[in-house]
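Visitor: I should like to take a close look at one part of this model, with its neighbours described in turn.

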Amino acid sequence: MKKKPIPTKIYLTEDEMPKSWYNLRADMKEKHEPFLNPATLKEVTAEDLGHIFCDELVKQELDQTTRYIEIPEGIRDFYKMFRPSPLVRAYWLEKELDTPAEIYYKFEGNNTSGSHKLNSAVAQVYYAKQQGITHLTTETGAGQWGTALAMACAFYKIPLDVYMVKVSSEQKPFRREVMRTYGANVIPSPSDTTTIGRKILEEFPGTGGSLGCAISEAVECAMTVPNSRYVLGSVLDQVVLHQSIIGLECQTALKKYGVKPDIIIGCAGGGSNLGGLIAPFMGEKLTGKADYRFIAVEPASCPSLTRGVYRYDFCDTGKMTPLAKMYTLGSNFMPSSNHAGGLRYHGMSPILSKLYHDGYMEAVSVEQTKVFEAAERFAKCEGILPAPESSHAIKATIDEALKCKESGEKKVILFGLTGTGYFDLTAYKAYNDGTMSDYIPSDEELKKSFDTLPVIE
Ligand SMILES: *Cc1c(COP(=O)(O)O)cnc(C)c1O
């Protein structure tokens, strides 16, 4: 079949927009191990989770069998404000690399929060509103999730407390102002507003905080404020479900032009954008309809898939959340404060962990100076200033495209460009000044962290 000429940007029409999310778990013959209640070590029940999360989201979290879950009209209407996101053919990057490979990227940075996180934020706040919840809490690392959630909470008029990892709130004061403008209350974490925060401050005075610690504070706050719930921007199955909109749009857009990707690449922090991007393609692979190579890219300073262990662990430092079987560095692991590139979470989505463990997906880790070199190269030819997180995927894409140049293979590469880097200019400054360093944890350091993992029969 002769391909139609491919425009630089491929958009979907309103009719072509997905009306359901795709639940990848339905096509996984082997599901990931269940979440465990931290107090009883028994499989969590809907009732356990209902204290922390909204009912409809608990239902989605525990649903392993419904293949397509309808996106309510209210959410689809909100999506129309910023979706579809463009699928872009990176003609200029291909030219710059002088590669025979075709490169496409799905750009999720075209909204004020600057990332894909709004896809799940809208859904979670919508369901909270439906349930009559009157207060929400969350954590944020780099700030994109907090911003996305602040936007959704402003729209649905629900007050929001955001526990922001302290180093990030210092590095990114402007991100904090965006959240405040949308009405969120931003608290640097660890803080003295929670029991767990005070305990961590006592134990590690001067700590810059971590996502695991901010999660604990946000969960504690949700349990103490009446009619409040906690929302999480990554890792959970429900978030991967909401993010499947990314992959579904890609699938339709590529089909329109008869393009089939050989390699699909995404950065991996907690795994939500990657899980969402690959979901429908992985579904085809699992059901034998097609084959693809999937590559998760993570920072060398926080390498949960490539150097972590596949074990049950807590999702937070305070050990309040359910235990998940996942690739983890240990919930006490604190990435180096020199690490500017985001993706600082100690664990990884249980869905992706399972797929990686079973050999359906590859993973690589990359050092941050190399990531920023790739970001600079991309910005100069494609125009978009990428988020450092997204630039991990750019780095791996460039490496694969250069391999094609060597071998002469004309592969099709699709990668997720998750966001823009306007709030990461402190990191870009370090890169431009030549003061950026690469921190890689030693085996001893990781072992020390693994030794603190919970022992589950
Ligand atoms: C949060 C974020 C990520 C990483 O989170 P995942 O859950 O792994 O997708 C990647 N890119 C950007 C721009 C982000 O904001």
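Visitor: How many bridges join strand β5 (residues 102-107) to β15, and in which sense do the two strands run?

Guide: Six bridges join β5 to β15, and the two strands run parallel. This is a predicted model, in which local features need pLDDT of at least 70 and side-chain atom pairs pLDDT 80 or more, whereas totals for chains, interfaces and linings use all residues. Residues are numbered from 1 along each chain as its sequence is written, and side-chain values use heavy atoms, without hydrogens or water.

Strand β15 covers residues 412-417; strands are DSSP runs of E with at least two residues, and helices are runs of H or I with at least four, numbered from the N terminus. Six of the six residues of β15 are buried, so the strand is largely enclosed by the rest of the structure. Buried means under 20% relative accessible area, with exposed over 50% and partly exposed in between (1.4 Å probe, protein chains only). Val412, Leu414 and Gly416 point one way from β15, while Ile413, Phe415 and Leu417 point the other way. Both sets of residues are buried.

In the pairing with β5, Glu102 stands opposite Val412 of β15. Strand β15 also pairs with β10 (residues 263-267), in the parallel sense and over three bridges; two strands pair if DSSP finds at least two bridges between them. Here Ile265 stands opposite Phe415 of β15.

These pairings belong to an open sheet of seven strands, whose order is β1-β4-β5-β15-β10-β11-β14. The pairing within this sheet is mixed. At its edges stand β1 (9-10) and β14 (362-366), each with a single partner strand, so one side of each is left without a neighbour in the sheet. The partner of β14 is β11 (residues 293-299), and this pairing is parallel over five bridges. Within it, Ile295 has Glu362 of β14 as its bridge partner.

A helix also meets the sheet. Helix α12 (residues 272-286) packs on it and touches β10, β11 and β15, contact meaning heavy atoms within 4.5 Å. The direction of α12 makes about 155° with that of β10; axes are lines fitted to C-alpha atoms, for helices over the stretch in contact, and angles run from 0 to 180 degrees between N-to-C directions. Strand β15 is thus described by its pairing with β5, its pairing with β10 and the touch of α12.
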